[in-house]
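Welcome! Please have a look at the chain below, and then we will walk through some of its parts together.

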Amino acid sequence: MSLAFDEYGRPFIILREQERKSRVKGIEAVKASIMAAKTVARTLRSSLGPKGMDKMLQSPDGDVTITNDGATILEMMEVENQIGKLMVELSKSQDHEIGDGTTGVVVLAGALLEHAESLLDMGMHPLRIAEGYEMACKVATENLDKIKTRFEFSRDDIEPLVKTCMTTLSSKVVGRLKLQMAEICVKAVLAVADLERRDVNLDLIKVEGKVGGKMEDTRLVEGIVIDKEFSHPQMPKELSDVKVAILTCPFEPPKPKTKHKVDIDTVEKFEALRDAERTYFTDMVQRCKDSGAQLVICQWGFDDEANHLLMHQDLPAVRWVGGVEIELLAMATGARIVPRFEELSQDKLGFAGSVKEVGFGTTKDKMLVIEGCPNLKAVTIFVRGGNRMVLDEIKRSLHDAICVARNLVRDNAIVYGGGAAEISCALAVEEEADKVTGVEHYAMRAFSDALQAVPLALAENSGLPPIESLTAVKKRQLEESNPYLGIDCNDVGTNDMRAQNVFETVIGKKQQLFLATQVCKMILKIDDVIKPSEFE
């Protein structure tokens, strides 16, 4: 315990139980932090690119996940180290902001810290390294603005969007079906996009899946798919041109809010109670019929008696539909959500072209497909896959592609993938570093080397000789001043990424550079790590 005395001689404690705390200071602390970050980055390095490997993660309760999505891998890894957790946060930030490039940003941050370590060994101050990185990041982002190209697209010409989504999907489990999947994602985004405002509300795109069937059976439903069935097995399984009532009130007699007790001591009282209940149900069903509704969708359950009455009155119904789905249905069909039966009227009904109950193989699973809605502002991508793990991975892949399409609607600037943008930025930073006097020159050089870690990892994961491939492409980029040359991961025979249609969004790349630089700056500034005493 560290004791000190104030001017009146009273003792006070500075650090309680200091001798039991583990503490690392100075350069050792910075190096320990770098070591932790490098370890996390190294885990993800092999998952980068079209030939990247998948990771299999098992949760504490035995669930198995197989994925190569950086954000998912880091989220499911139980990272104990605090700096490791910063890397997890880094990939989450990229995922929330852009939706794609989560693996690349961690690999880049790991490479930046790795090169910072050798500068620390040279005796350079961590803050000077951080400043050099900041300067280099600025040069790199300016270079991205110079080499970007704009993709003009419209609702009729979606080819540019599809090509960019295909690049994202080529590194995923759906790689062999990337054209079909990219088209589905682009159509889904454009269906809900507001092109005047350049905005897309991703909440309107629902990704639903059912195990069974082939990946090829994945389709875009221009409407809503809900994991429910009609409440009574004898209700019709297919409806067309129906008026839909959406209710958030239950088909049951009202219950008093306070505690209540009903004494029934004679048959007459029981009969009276039953008649009262039946009157309630008949009245509720009649109100639905009077409004002109041909399908009732309810957020709550029904009593068996209500279900029976609905079936006899030829009024198909669906129960226990979740709040989010109810909102999407209301948007798509144009219905108003009705909280009380008394408020149900014809002007609050929506319309659907067709409502079908779909079964799957020999299972008892059923789903409702609601299509032909007037306000097509909500769509569903209906995914099929051989098992649950494949299904989950397809959903994650499609989420990345949807985010890329959304980013292109917001800003249609792109750069070329396959490491081409990184090599071009590395050369620009190298050139700028020669003009800088002072120790920042070394930090900018290190930033330039770190940028090349991405194409190096791509070549390595594709089974190519990494250093030879990178050097050859870098030499050609210098000689030809061509920023479209990258690593030929798919062995097509050309390094020109334009010919290979490998594109990435500019905002995604810029975000990677910004976030990786910020995290490195933060880690380099930590010079004292005080851990609490371990539990005994």
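In what order do the three strands of the open sheet lie? The order is 6-19-20, and the pairing is antiparallel. Keep in mind that this is a predicted model. The points below start with that sheet and then visit domains, a hairpin, a parallel pair, a helix and two charged residues.

**The open sheet and its helix**
- Strand 6 (149-150) and strand 20 (503-505) are the edge strands; each has a single partner strand, so one side of each has no neighbour in the sheet.
- Strand 19, made of residues 413-416, is joined to strand 20 by three bridges, and the two run antiparallel.
- If you would like to find this pairing on screen, look for Tyr416, whose bridge partner in strand 20 is Phe503.
- Helix 16 (residues 506-524) lies across strand 19 and strand 20, and its direction makes an angle of about 65° with strand 20.

**Domains**
- The domain assignment lists domain 1 as 22-149 + 421-456 + 507-531, and domain 2 as 223-375.
- Between the C-alpha centres of domain 1 and domain 2 there are 53 Å.

**A hairpin**
- Strand 4 and strand 5 make a hairpin, with five residues between them.
- In the turn of this hairpin sits Gly62, which has a positive phi of about 95°.
- Four bridges hold the antiparallel pair of strand 4 (residues 55-58) and strand 5 (residues 64-67) together.
- Across the pair, Gln58 faces Val64 of strand 5.
- In a regular strand, side chains alternate between the two faces of the sheet.
- Strand 4 has Lys55 and Leu57 on its covered face, while Met56 and Gln58 are on the uncovered one.

**A parallel pair**
- Strand 9 (residues 205-211) and strand 18 (residues 379-385) run parallel, and seven bridges join them.
- Val211 of strand 9 has Gly385 of strand 18 opposite.
- Strand 9 is mostly covered, as five of its seven residues are buried.

**Helix 7**
- Does the length of helix 7 add up, and what span should its 15 residues have? At 1.5 Å a residue, helix 7 (residues 178-192) should span 21 Å, and its end C-alpha atoms are indeed 21 Å apart.
- The buried residues of helix 7 are Met181, Ala182, Ile184, Cys185, Val186, Ala188, Val189, Leu190 and Val192.
- An α-helix has 3.6 residues a turn, so residues three or four places apart point the same way.

**Asp400**
- Is Asp400 buried or exposed? Its relative accessibility is 2%, so Asp400 counts as buried, since the cut-off for buried is under 20%.
- Asp400 belongs to helix 11, which covers residues 388-410.
- Setting aside neighbours within four places in sequence, Asp400 touches Asp69, Gly99, Asp100, Thr168 and Lys172.
- With Lys172, the side chain of Asp400 makes a side-chain polar contact of 3.0 Å.

**Arg176**
- Arg176 has a relative accessibility of 59%, so this residue counts as exposed; the cut-off for exposed is over 50%.
- You will find Arg176 in the loop between helix 6 (159-169) and helix 7.
- Beyond neighbours within four places in sequence, Arg176 is in contact with Met215 and Glu216.
- The side chains of Arg176 and Glu216 share a polar contact of 3.1 Å.
- Lys237 is 61 residues from Arg176 along the chain, and their C-alpha atoms are 35 Å apart.

Key. Residues numbered from 1 in each chain as written. Predicted model: local features only at pLDDT ≥ 70, side-chain atom pairs only at ≥ 80, totals over all residues. Heavy atoms only, no water. Pairing = 2+ DSSP bridges. Contact = heavy atoms within 4.5 Å. Axes fitted to C-alpha atoms, helices over the stretch in contact; angles between N-to-C directions. Buried < 20%, exposed > 50% of the residue type's maximum accessible area, 1.4 Å probe, protein only. Polar contact = N/O pair within 3.5 Å; in protein donor to acceptor, adjacent residues only side chain to side chain. Domains from an automatic or database assignment. Expected span 1.5 Å × (residues − 1).
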